[in-house]
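Reader: Could we go through this model together, one chain at a time?

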Amino acid sequence: MTLIELFQYAFFVRAIEAGIIVALLAPIIGIFLVLKRYSLIADTLSHVSLAGVALGFLLKINPLLTALAVTMVSALGIERLRAGRHIYGESALSLFLSGGLALATVLLSMGRGFNTELFSYLFGSLVTVTQTDVFMMAGLAAIIILVIAAFYKELVYISFSEESARVSGIPVDRINAILILLSAVTVALAIPVVGVLLISALIVIPVVTAMQLRLSFARTLLAAEVYSVASVLAGIVISASFDLSTGGTIVLVMLAAFLATTLLRGRAHDTGQKRP
Amino acid sequence: MHRVDHQDNIVEILNASFSYGGNEVLHNVNLNIHRGDYLALVGGNGSGKTTLLKIILGLLTPQEGNVSLFGQDIRSFRAWERIGYVPQKATSFDPLFPATVEEVVLMGRYGRRGLLRSVTDTDRAAAEHALEQVGMLAERHTLIGSLSGGQQQRVFIARALAGEPEIVFLDEPTVGVEQSVKDEFYALLKRMNEELDLTIVLVTHDLVTVAHEAMHVAVLDQTLQFHESAAQYLARARSHPHL
């Protein structure tokens, strides 16, 4: 099937729309999570979101909405546990990751949710995205981008040095909580694109790839956006053309971009060092 | 002519005590820091100097005693833009962090700008001016991680200066830096103190070098042992080398 033929299908156009929304959103959140060493939060929240999906199956309501609710509540719980400093940050994540997965399996067994529909949430299924889903994703993404833009300079400072930001009078704890809450929403929105199990790749890989280019903060974010959107679009087209899993293809394209960038960067660095 | 205003206390610490768990690190500390001073806060490992600094900066709260900044109780103090801070291990940040020198120095303006407001041309001009003062303007587009340790120190001072503070606190800024860079660094601080009338508080264990540079020395060992002029400190150090 050619690209032009693919665009004649409404589901494919919706898939592209949803893909672009999530591709734009993921690095905006990802750059702060990666630099704050919070990458594992995306992974934890994605596993927790599966419990939300299972709850949706059980209550027979849109699983994306229940995933959104459960992920946001868990995000606040994680942040509270971390801020309380009675438990190591990684241990808090581990509790929520395993707890989320355990709850998901129990809820799924209760609602006989171990079915083919579950696979579309585990590994993504853009073809099932409805026009209402696209509108909801666009609305929430716009809100997230506006909030990040409002706190952009504070987030950059906190990512660089939490202690110095605190001394400058920046409300570090509140801004961290906002970031984690927005991460939770992003995770929930990304479920249809790559699925629960691959969301953290979408949030982390484009940022890590852009960081190989050794650019300023603003340009790194821009480069991560380009990598993200290009990989998602390429992944959707390749998967549709060859009838492959969309989520898996997107992540493999992202990894290929990471490898290519790292190799090119290494070669450029070697050439630079050989110059007199 | 640069002078210390002994009537104008920027920092007032009254009977401050602090414990980590049951381990008392500071006991009944009293200390005033005057406008225009260049004070070296010295002491050995575990003397509580970094803890005292964190109390002054509001990062820790003492279990007993009071701290005021610019005449205001620290618990209600909000004018953090009047304070500059160069943290301990400032240069041991993530070297992969994607930020240029200019972006790092602009961070020093964020507290002054306030929430929900983006940086302006005034902020950029202040950042450039601060970089000029520390001789790093030519490197403003360089990535912070690509600079040498000494250059990074200068950038962090520029970040503190960019906020146009009245007092700058530096926590062990020369740890792991070679002697020639240290000399240059101390000369820069002295110039900031004399030419910009900036009050400087330097936390360090580098006693002798600092005593030659600072105007006053406060010696801490859980409680304040001495608070005297650098000349007095040096004279006492010569007669009691163990001090």
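Author: The notes below take up chain B, a helix of chain A and the contact of the two chains.

Author: This is a predicted model, in which local features need pLDDT of at least 70 and side-chain atom pairs count only at pLDDT 80 or more, while totals for chains, interfaces and linings use all residues. Residues are numbered from 1 along each chain as its sequence is written, and chains are lettered from A and ligands numbered from 1 in the order in which they are written.

Reader: How many helices and strands are there in chain B?

Author: Chain B has 7 helices and 10 strands (DSSP runs, H or I of at least four residues for helices and E of at least two for strands, numbered from the N terminus).

Reader: And what is the radius of gyration of chain B?

Author: It is 18 Å for chain B, which agrees with the value near 18 Å that a compact globule of 243 residues would have. The radius is taken over C-alpha atoms, and the globule rule is 2.2 Å times the number of residues to the power 0.38. Buried residues make up 44% of chain B (buried: 20 or more other C-beta atoms within 10 Å of the residue's own; exposed: 12 or fewer; partly exposed in between; C-beta atoms placed from the backbone).

Reader: Which strand does β1(B) pair with?

Author: Strand β1 (residues 5-20) of chain B is joined by 9 bridges to β2 (residues 23-35) of chain B, and the two run antiparallel; pairing requires at least two DSSP bridges. Phe18(B) has Leu26(B) in β2(B) as its bridge partner. The two strands form a hairpin with 2 residues between them, and Gly21(B) in the turn has a positive phi of about 65°.

Reader: Turning to chain A, which residues of α7(A) are buried?

Author: Met137(A), Ala141(A) and Ile144(A) are buried in α7(A). Seen down the helix axis, the buried residues of α7(A) fall within an arc of 65°, so they line one face; the arc is that of the directions from the axis to the C-beta atoms. They pack against α2 (10-35) and α10 (172-194) of chain A. The face turned away carries exposed residues, including Gln131(A), Phe135(A) and Leu146(A).

Reader: How many residues does each chain give to the contact?

Author: Chain B gives 23 residues and chain A gives 20, with contact meaning C-beta atoms, placed from the backbone, within 7 Å. The largest share of the chain B side, 5 residues, comes from α2(B).

How values were computed
Contact = placed C-beta atoms within 7 Å.
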